[in-house]
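Here is a friendly walk through the chain, from its overall layout down to the surroundings of its ligand. Keep the structure open beside the text as you read.

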Amino acid sequence: MSKLVAKNLYKVFGSHPKRGVKLVREGKTKKEILKETGMTVGVNDVSFEVEEGEIFVIMGLSGSGKSTVIRCLNRLIEPTAGDIIIDGKNLTKMTKQELIKVRRTSMSMVFQNFALLPNRTIVSNTEYGLEIQNVPPKVRREKALEALKLVGLEGYEESYPDQLSGGMKQRVGLARALANDPEILLMDEAFSALDPLIRTEMQDELIELQQKMKKTIIFITHDLDEALKLGDQIMLMKDGEVIQIGKPEDILSNPADEYVERFVQGVNRSDLLTAADIMVKPWTTIGIHKGPRFAFAECKKYGLEHLLVTGEGRTLTGTVSIDAIKEAIEAGESTLENILKTDEVNRVAPDTKIKDIIELTLQSSVPVAVVNEDEKLLGVIIKGSILRALMTGRGDEDA
Ligand SMILES: Nc1ncnc2c1ncn2[C@@H]1O[C@H](COP(=O)(O)OP(=O)(O)OP(=O)(O)O)[C@@H](O)[C@H]1O
Ligand SMILES: [Mg+2]
């Protein structure tokens with residue numbers, strides 16, 4: 001038995017939703033219905049099945065109906081027609097009381113904007129959901145602490161939300177959902193507001209958590225890379241309809257129609273990948289206080305003409321060339337300070353699109369450095385990583 005089944009789900013927003021459904025069933029398009037009646041078709045005959053322990057990804061462009069579908073699953077939005085069946089029980093036929101119970105025990109939602117209460121500590125935010133269910137203070141505190149541990153936030157229990165980074169806030173959002181110990185996690189663009197590196201980290205952690213805890217997860221994203229990485233199954237939506245449901249490989253190798261194909265080709269285009277996606281570990285760097293002989297050995301070891309030089313806290317300070325290094329050895333220098341060139345480095349931010357880095361990388365003899373706002377070196381882009389990304393459409397898996 002599938003964990004969750006959505007059967008012929010419809011949602012029409014407007015004055016006469018039932019009539020709207022009738023019109024869609026008669027074959028009118030979303031556009032026609034909007035023009036003729038002013039009503040919006042949010043979800044149009046959507047059916048899918050999710051197995052227990054699976055990550056089911058819903059993707060599609062903005063306005064395609066992803067959020068409406070996920071909100072219909074716990075009846076946060078009342079479907080106009082269709083059935084939601086969880087563990088064989090029809091949610092759409094339940095009374096308010098029964099529904100409240102299912103919402104509390106089987107499903108939790110994680111939102112994009114974290115939705116944390118600013119005046120409450122992290123642990124108090126985490127137990128908030130349990131608090132409104134009147135779970136006794138001692139029990140809910142215990143569950144909240146355990147959930148915070150799971151998402152790696154031990155030590156931050158007494159902090160306040162504004163003391164946390166975006167990635168940490170999203171972990172709290174996740175902990176709050178986990179504290180409920182739900183069987184199904186509903187995640188609507190939960191990682192979309194995070195910067196690329198943190199986002200990748202959260203994706204890895206979600207996969208790990210899911211393998212450990214065997215949750216069933218419905219995950220919305222508009223990012224195909226994220227969908228391919230996380231999804232056991234991916235459902236593609238357009239204008240409220242399902243275009244394709246399949247395993248990541250099916251979607252890539254067998255796009256159901258032109259729309260999916262365009263979406264898939266999108267992954268392979270250089271304008272979607274960012275510096276963070278293709279950078280490699282900064283093995284071409286050296287600390288400023290290292291001596292020229294060591295620098296020379298490093299150049300030889302990797303066959304390099306230049307090294308990037310880092311200072312305190314891995315901040316990028318400049319470059320040294322192999323010729324300058326040789327001179328420094330002859331001059332008996334003990335550090336690289338006197339031969340450091342600060343004006344030759346090309347710095348880019350992690351979210352810079354590849355298409356904006358290609359020329360820079362191909363022209364420059366020094367690897368392009370990827371740095372954060374604090375000038376901390378995150379990685380380097382070498383010619384090989386660009387070529388690889390252009391040929392395969394993928395970043396460097398080892399980065
Ligand atoms: N409360 C509402 N009232 C009227 N129309 C709505 C409402 N909520 C959503 N819609 C419409 O339903 C359609 C689907 O919206 P939905 O929010 O589900 O899209 P989405 O795929 O989640 O988009 P996004 O990626 O921007 O979050 C859109 O045309 C939207 O305008
Ligand atoms: Mg949405």
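What distance separates the centres of domain 1 and domain 2, taken over C-alpha atoms? The two centres are 41 Å apart. Please keep in mind that this is a predicted model.

**Overall layout**

The domain assignment places residues 52-106 together with 182-267 in domain 1, while domain 2 covers residues 275-392. Taken along the principal axes, the C-alpha atoms of the chain fill a box of roughly 85 × 55 × 35 Å. The secondary structure comes to 17 helices and 16 strands. The chain has 399 residues, of which 39% count as buried. Among contacts with a separation of 6 or more, 66% are made by residues 24 or more positions apart.

**The nonpolar cores**

The largest nonpolar core of the model has 68 residues. Those with the most contacts inside this core are Val57, Ile58, Ala175, Leu186, Met187 and Ile218. Helix H8, spanning residues 166-179, gives the most to the core, with 6 residues. A second core, separate from this one, has 32 residues, including Ile278, Ala295, Leu307 and Val371.

Val57 is a handy residue to click on. Leaving aside residues up to four places away in sequence, Val57 touches Phe219, Thr221, Ala227, Leu230, Gly231 and Ile234.

**An open sheet and the helix on it**

Next, look at the sheet that includes the start of the chain. Its 4 strands form an open sheet in the order S2-S1-S4-S5, with antiparallel pairing. The edge strands are S2 and S5 (89-90), each of which pairs on one side only. Helix H1 (residues 17-25) packs on this sheet and touches S1, S2 and S4. The direction of H1 makes about 110° with that of S1.

Strand S1 has S2 and S4 as partners, and the table sets out these two pairings.

| Strand pair | Residues | Bridges | Direction |
|---|---|---|---|
| S1 and S2 | S2: 40-50 | 7 bridges | antiparallel |
| S1 and S4 | S1: 4-13; S4: 81-86 | 5 bridges | antiparallel |

To line up the strands on screen, you can start from individual residues. Lys11 has Val43 in S2 as its bridge partner, and Val12 is bridged to Val41 in S2. On the S4 side, Tyr10 stands opposite Ala81.

**Helix H3 and the ligand**

Which residues surround ligand 1? The shell consists of Phe13, Thr40, Gly42, Gly60, Ser62, Gly63, Ser64, Gly65, Lys66, Ser67, Thr68 and His222. Two elements, S2 and H3, give two or more residues to this shell. H3 gives the most, with 3 residues.

Is helix H3 mostly covered or mostly exposed? H3 (residues 66-73) is mostly covered, as 7 of its 8 residues are buried. The buried ones are Lys66, Ser67, Thr68, Val69, Ile70, Cys72 and Leu73. Lys66, Ser67 and Thr68 are thus buried residues of H3 that also belong to the shell around ligand 1. Just after H3, Arg75 takes a positive phi of about 60°.

**Back to the whole**

Strand S2 links two parts of this tour: S2 is an edge strand of the open sheet, and S2 also gives two or more residues to the shell around ligand 1.

Notes
Residues numbered from 1 in each chain as written. Chains lettered and ligands numbered in written order. Predicted model: local features only at pLDDT ≥ 70, side-chain atom pairs only at ≥ 80, totals over all residues. Core = buried A, V, L, I, M, F, W, Y, C linked by C-beta atoms within 7 Å. Buried ≥ 20, exposed ≤ 12 C-beta atoms within 10 Å, placed from the backbone. Contact = placed C-beta atoms within 7 Å. Pairing = 2+ DSSP bridges. Axes fitted to C-alpha atoms, helices over the stretch in contact; angles between N-to-C directions. Domains from an automatic or database assignment. Near = placed C-beta within 6 Å.
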